[in-house]
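This report introduces a structure to a reader who has not met it before. The sequence and the model are shown first, and the description follows.

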Amino acid sequence: VSGFRIEVEAAKAMATLHDEAAGLITDLGPSEPSGLDGGVGWPYLLDILSASSVDAGTIAQLNTSVASRVRTAVDLVTGYDAAAADTFRELEKGMP
Amino acid sequence: VSIDTHLEGTPAAVRTVADWLEQLKTALGEAADDVVLARNRCTSAWEGVSADAYYKLANDLTRATDEINGRAKDAAVIARAYANQLQWRQEDMAGHRDDARAAGLVVNATVIEEPGAASAVPALPADATPDEAAERQRAMDVRDAQVREMDAWNDVVAKVRGTFDQIDTWVRDNLVHAREQALLPSLAQGLLAAAKSPETYVEVGENVFESRASALEAEAKDAATVLARTRSGNPAVRAGSIEPSASGMENASKPGSRAGNLLDEAEGLSRWSKVLKGGGPIVAMGMGAFQISQGESPSRVGLEIAGGVVGGLAAGAAASALVAAGVIAAPAIVVAVGVALVGAAVAWGVGKAYESWVPQDVREKIDEGIKDTWHTVADPVGDAVSGAWHSVFG
């Protein structure tokens, strides 16, 4: 791949930011209101609340997924680096 | 017969929903900031098609987060507006009960009892004594009181029904629409669908590895062939008329040769391809994202993108300023600011802008404050002012 470069530590920090983004949202989960005496409009409000929760949860899930993918990319790159190193080491072993 | 003025619902409980939605909005805003930070870091730390793909994905994720942020904000506003409506209508009901008591009607908790029917009072005979006349007058007074109570009953029943109608109408006109908006498809759902799609990530990831491995193998074969021809004692092989022997190719591909190195690399790629085939949903960002970088962004996969960002930053700032200024907590100020705002809006002819800039719950507080003040203070002013009122509020 031409023009490829990645700073491993920076990429890990990016993954951490996505994890933090997910955590900001999921931390609110336990305090989500439920079972309230909301009156005649409560069924509608409950649907609105649920939709907001589900959508926000999706954002959290996506951030977790992106964090995982970034880390996998880092693992792949470092894996290739190690494999390339092995190739040179093997070559070196064959040298007199 | 009786009428129950109890209006179900606890405004404070509904406000906890609004509070939570506002917290959610804040959390989404901070989450979006984190994604932007990560995306910006990518520009200096990561280059290549995978970096491009990540950048696009982070952009989509930011937009999706902003969209949900906007929805949470709208939901918080409508929840707070509903809490206000609930409180005001319950206060109206309490007022109806006070009116009933003042009119002499029996009120048990939230239930107002219908008064007895007015009793008929016979006509006074022409030769009635003064005592009989006085007795009849007392009966007439009782009957008049009963008539007044019945009038008050009819009036309070109409008002109670009107209050029930008012909250029902508000719910129908506002919460039903808000619910529909909240349930519209979101960018986040489209992104998640793309993230879970094996076509988007896994298969392409495998293909990228396998395709690269095949290219390396072909390159290794070419390199080995060139070397084998050079080493061959057969002039026909050296001239390229016939292919090198298998042993010649094997010798030319030994570890350490160019062909050997290429084959090692190809083998490594094939190994990753096999990992991906057995790896389920855990897929390499770099390779999976490669496909995305070649086509549309994931948010466009199978999704109709609806609308843009709702509202403007100026609106939020204006509303926050009103709240921060204590507009909501102090009715007198509500009226003062409300009149100024409404007056200004009418004078400037920017009613729609007013609706856009000031959240519904704040607008309704202003309206309610003006109406309360109107009913308690401005009624005696007369028809001229009343006409002005109707020119504004219909």
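## Chain A in outline

How much accessible surface does chain A have, and what share of it belongs to carbon and sulfur atoms? The accessible surface amounts to about 4800 Å², and carbon and sulfur atoms account for 58% of it. The model described here is a predicted one.

Chain A contains 2 helices and 1 strand, which follow one another from the N terminus in the order β-α-α. The chain has 96 residues, of which 40% are counted as buried. When contacts in chain A between residues at least 6 apart in sequence are considered, 84% of them link residues at least 24 apart.

## Where chain A meets chain B

One pairing of helices joins the two chains. Helix 2 of chain A, residues 42-94, and helix 3 of chain B, residues 130-182, have axes that come within 9 Å and cross at roughly 20°. An angle under 35 degrees counts as roughly parallel, and the two helices, helix 2 of chain A and helix 3 of chain B, are therefore described as roughly parallel to each other. Their crossing is left-handed.

On the side of chain A, the residues of helix 2 that take part are Tyr44(A), Leu45(A), Asp47(A), Ile48(A), Ala51(A) and Asp55(A). Their counterparts in helix 3 of chain B are Val171(B), Leu175(B), Val176(B), Ala178(B), Arg179(B) and Ala182(B). Sorted by class, this contact comprises 9 nonpolar and 3 charged residues, with no polar ones.

## A helix pair within chain B

Chain B also has a helix pairing of its own. Helix 1 of chain B spans residues 11-45 and helix 2 of chain B spans residues 49-102. The two pack at an angle of about 165°, and their axes lie 8 Å apart. Angles over 145 degrees count as roughly antiparallel, so helix 1 and helix 2 of chain B are roughly antiparallel to each other.

The crossing of helix 1 and helix 2 of chain B is left-handed. The residues of their contact divide into 25 nonpolar, 9 polar and 8 charged.

## An alanine in a loop of chain B

Which backbone angle of Ala109(B) is positive although the residue is not a glycine? The angle is phi, with a value of about 55°. Ala109(B) is located in the loop between strand 3 (107-108) and strand 4 (111-113) of chain B.

Is Ala109(B) buried or exposed? Its relative accessible area is 64%, and a residue over 50% counts as exposed, so Ala109(B) is exposed.

How values were computed. Residues are numbered from 1 along each chain as its sequence is written. Chains are lettered from A and ligands numbered from 1 in the order in which they are written. This is a predicted model: local features need pLDDT of at least 70, side-chain atom pairs count only at pLDDT 80 or more; totals for chains, interfaces and linings use all residues. Side-chain values use heavy atoms; hydrogens and water are left out. Helices (H or I, at least four residues) and strands (E, at least two) are DSSP runs, numbered from the N terminus. Buried means under 20% relative accessible area, exposed over 50%, partly exposed in between (1.4 Å probe, protein chains only). Contact means heavy atoms within 4.5 Å. Accessible areas come from the Shrake-Rupley method with a 1.4 Å probe; for residues, only the protein chains shown count as cover. Axes are lines fitted to C-alpha atoms, for helices over the stretch in contact, and angles run from 0 to 180 degrees between N-to-C directions. Angles under 35 degrees count as roughly parallel, over 145 as roughly antiparallel, 65 to 115 as roughly perpendicular and the rest as oblique. A crossing is left-handed if the near helix is turned anticlockwise from the far one by less than a right angle, and right-handed if clockwise. Ala, Val, Leu, Ile, Met, Phe, Trp, Tyr, Cys and Pro count as nonpolar, Asp, Glu, Lys and Arg as charged, and the others, Gly among them, as polar.
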